[in-house]
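Visitor: Could you walk me through one part of this model up close? I'd like to see how a helix sits against its neighbours, residue by residue.

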Amino acid sequence: MTDKPQPGGLGSIGTAAVARVGYGAMQLFETSPDDAAAVLRRAVELGVNHIDTASFYGPGEVNRRIRAALAPYRSLYGEDLVIVSKVGARYTGDEPIPLAAAQRPAELRAAVEDDLSQLGLDRVPVVNLRRMDLGPGVAAEGDQIVDLDDQLAEMIALRDEGKIGAIGISSVPLDVLRRALPAGIVCVQNAYSLLDRSQEEMVDVCVAEGIAWVPYFPLGSAFPGFPKATDNPVVVDIAGEIGATPSQIGLAWILAHAPNSLLIPGTKSIAHLEENIGAADVTLDADALKRLDAVATPGADPWAHGVQRFLEAPQT
């Protein structure tokens, strides 16, 4: 990647070097194949080489669109183009959350096989085990309540077989991460933002262990009733002062907050993609960081209040 832009500077997921600002592909199912291809190709042109996906996005259609759009770039950049997937859920199409648990080892393996087929890869560089330990979202019930050790044994087997390159973990509390560490975890994906500081101890452990911290909902939840960083008055004020957008401030804070943070904001718009990647060029001075750090209390869990608001909000 030495001759390519590296938005946010260079980070890593395991042994893979990636630009710290990547791209989350989930929304690409909501647009046309041509528009999806245009967004993906523009992302790579701007230096993105970390693309987050899953076989249950679409389902499968997002992976197929990535394969079609980026085939020329794979031959050009080879292993510098890092596709990261996740397993542990299946697509249902239900509202407001179109997912159900798929936690059993056989389901994890089947999802990896789907990734390989849909993406046209011999090996998925990183696959995250998407647990159901933390909200908001789908909970595991009945035979979908699976012991972590059984899941990790299957993930390790897939890695030993060469079908995946490395193992990540998602939607887990700190004690589950600690149990998983001997498996060689390279990244953690949990909900986290300027407004959601409940995972600060997890961030610290990831820094100490050399694990990439890849938060989802980096600007706050998309669910109704939950606050968004872009509406926060401190964020809005700082954005106006330095000539950035509120979303760029929220994303830039994550990059500045911990050196192992990687961003994967998603969008189906090229203009929004360019805005998100522009967060890499936003510099927050000491005063701005102090004001932003004070927006939420480290360790505070916004979900307890937010979940109630979500349940009370009208569902359409």
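Guide: Sure, and keep in mind that this is a predicted model. Let's start where Ser247, Gln248 and Leu251 of helix H8 touch Glu275, Asn276 and Gly278 of helix H9. Sorted by class, that contact between H8 and H9 has one nonpolar residue, four polar ones and one charged. H8 spans residues 246-257 and H9 spans 270-278, and their axes lie 8 Å apart at an angle of about 45 degrees. Angles under 35 degrees would count as roughly parallel and 65 to 115 as roughly perpendicular, so this pair comes out as oblique. The crossing of H8 past H9 is right-handed.

H9 has another partner, helix H1 (residues 33-45), with an angle of about 25 degrees and axes 10 Å apart. That makes H1 and H9 roughly parallel, therefore, and H1 too passes H9 in a right-handed crossing. Here Ala38, Val39, Arg42 and Ala43 from H1 meet Ile270, Leu273 and Glu274 from H9. The class count for H1 with H9 is five nonpolar, no polar and two charged residues.

Now back to H8, which also helps cover helix H7: the cover over the buried residues of H7 includes H8 and helix H10 (286-293). In H7 (residues 233-242), those buried residues are Val235, Ile238 and Ala239. They span an arc of only 105 degrees around the axis, so they sit on the same side of H7. An α-helix has 3.6 residues a turn, so residues three or four places apart point the same way. Pro233, Gly240 and Glu241 are exposed on the other side of H7.

Notes: Residues are numbered from 1 along each chain as its sequence is written. This is a predicted model: local features need pLDDT of at least 70, side-chain atom pairs count only at pLDDT 80 or more; totals for chains, interfaces and linings use all residues. Side-chain values use heavy atoms; hydrogens and water are left out. Axes are lines fitted to C-alpha atoms, for helices over the stretch in contact, and angles run from 0 to 180 degrees between N-to-C directions. Helices (H or I, at least four residues) and strands (E, at least two) are DSSP runs, numbered from the N terminus. Angles under 35 degrees count as roughly parallel, over 145 as roughly antiparallel, 65 to 115 as roughly perpendicular and the rest as oblique. A crossing is left-handed if the near helix is turned anticlockwise from the far one by less than a right angle, and right-handed if clockwise. Contact means heavy atoms within 4.5 Å. Ala, Val, Leu, Ile, Met, Phe, Trp, Tyr, Cys and Pro count as nonpolar, Asp, Glu, Lys and Arg as charged, and the others, Gly among them, as polar. Buried means under 20% relative accessible area, exposed over 50%, partly exposed in between (1.4 Å probe, protein chains only). The arc is that of the directions from the helix axis to the C-beta atoms.
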